[in-house]
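Reader: Please walk me through this protein model. Keep it brisk, and give the cut-offs as you go.

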Amino acid sequence: TERFLIDNTAPAISDLSASAEDGRIRVRFQAQDVASKLTRAEYSINGGDWAPADPANGLFDAGSLAFEFEAAAPAENGGIVIAVRAYDERDNVAAARTVVR
């Protein structure tokens with residue numbers, strides 16, 4: 001039989017940061033997977049619906065990608081919870097979160 005890849009390891013998310021200014025939230029993070037290419041990423045604000053997050057270069061073409069995007073800040077007072085998740089070719093998923101005050 002031909003060789004095939006068994007990949008049960010989730011990608012890793014690092015350097016997650018977010019800041020809020022003028023009604024916008026700017027989010028940055030790195031995602032990497034040692035065995036597969038990354039295929040998608042998403043973000044959620046305060047537990048809301050998941051929205052797609054595109055890599056900074058616009059392409060899901062590698063196992064290590066930088067993400068940077070802006071989103072509308074909710075009108076709520078207090079901390080804003082930003083959650084992100086990244087998937088590899090085998091649908092392994094990693095998640096991380098940060099709080100903007």
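Reader: Which ring has Arg40 over its face?
Author: The test is geometric: a charge sits over a ring if NZ of Lys or CZ of Arg is within 6 Å of the ring centre and within 35 degrees of the ring normal. Arg40 passes it, at 3.6 Å from the ring centre. The ring is that of Tyr87.

Reader: What are the ground rules for these values?
Author: The model is predicted, so local features need pLDDT of at least 70 and side-chain atom pairs pLDDT 80 or more, while totals for chains, interfaces and linings use all residues. Numbering starts from 1 along each chain as its sequence is written, and side-chain values use heavy atoms, with hydrogens and water left out.

Reader: Which ring has Arg85 over its face, and what stands opposite Arg85?
Author: Arg85 lies 3.7 Å from the ring centre of Trp50, over its face. Arg85 belongs to strand 6. The residue opposite is Glu42.

Reader: How many helices and strands does the protein have?
Author: Elements are DSSP runs numbered from the N terminus: helices are H or I of at least four residues, strands E of at least two. From the N terminus on, the order reads β-β-β-β-β-β-β. The count is 0 helices and 7 strands.

Reader: What is the strand order in the sheet of 4 strands?
Author: Two strands pair if DSSP finds at least two bridges between them. Strand 3 and strand 6 pair in the antiparallel sense over 7 bridges. Strand 3 also joins strand 4 (residues 51–52), antiparallel, through 2 bridges. The sheet is open, and its order is 4-3-6-7.

Reader: Why is one side of strand 4 and of strand 7 left without a neighbour in the sheet?
Author: Both strands stand at the edges of the sheet. One side of each is left without a neighbour because each has a single partner strand.

Reader: Is strand 3 largely enclosed or open?
Author: Buried means under 20% relative accessible area, exposed over 50%, partly exposed in between, with a 1.4 Å probe and protein chains only. In strand 3, 6 of the 8 residues are buried. Strand 3 is therefore largely enclosed by the rest of the structure.

Reader: Which residue takes a positive phi in the hairpin of strand 3 and strand 4?
Author: That hairpin has 5 residues between the strands. Before the turn, Tyr43 stands opposite Ala51 in strand 4. The phi is near 50°, and the residue is Asn46.

Reader: Which are the edge strands of the sheet of 3 strands?
Author: The sheet is open and antiparallel, with the order 1-2-5. Strand 1 meets strand 2 (residues 24–32) through 8 bridges, and strand 2 meets strand 5 through 9 bridges. Those pairing on one side only are strand 1 (12–21) and strand 5 (64–72).

Reader: Which residues of strand 5 point to the buried face?
Author: Side chains alternate along strand 5. Ser64, Ala66, Glu68, Glu70 and Ala72 point to the face that is not buried. The buried set is Leu65, Phe67, Phe69 and Ala71.

Reader: What is the centre distance between Phe29 and Phe67?
Author: Rings of Phe, Tyr and Trp (its six-membered ring) pair if their centres lie within 6.5 Å; planes under 30 degrees apart are stacked, over 60 edge-to-face, the rest tilted. Phe29 and Phe67 are bridge partners, and both are buried. They lie 38 residues apart, in strand 2 and strand 5. Their rings are stacked, with 5° between the planes and a centre distance of 4.6 Å.

Reader: Which residue joins Phe29 and Phe67 in a ring cluster?
Author: The structure holds 3 aromatic pairs. Ring pairs link Phe29 and Phe67 into a cluster with Phe60.

Reader: How many residues are in the largest nonpolar core?
Author: A core joins buried Ala, Val, Leu, Ile, Met, Phe, Trp, Tyr and Cys through side-chain atoms within 4.5 Å. Val27, Phe29, Tyr43, Ile45, Phe67, Ile82 and Val84 touch the most other members. The core size is 21 residues.

Reader: Is Asn77 buried or exposed?
Author: Asn77 is found in the loop between strand 5 and strand 6. Its relative accessibility is 78%, so Asn77 counts as exposed.
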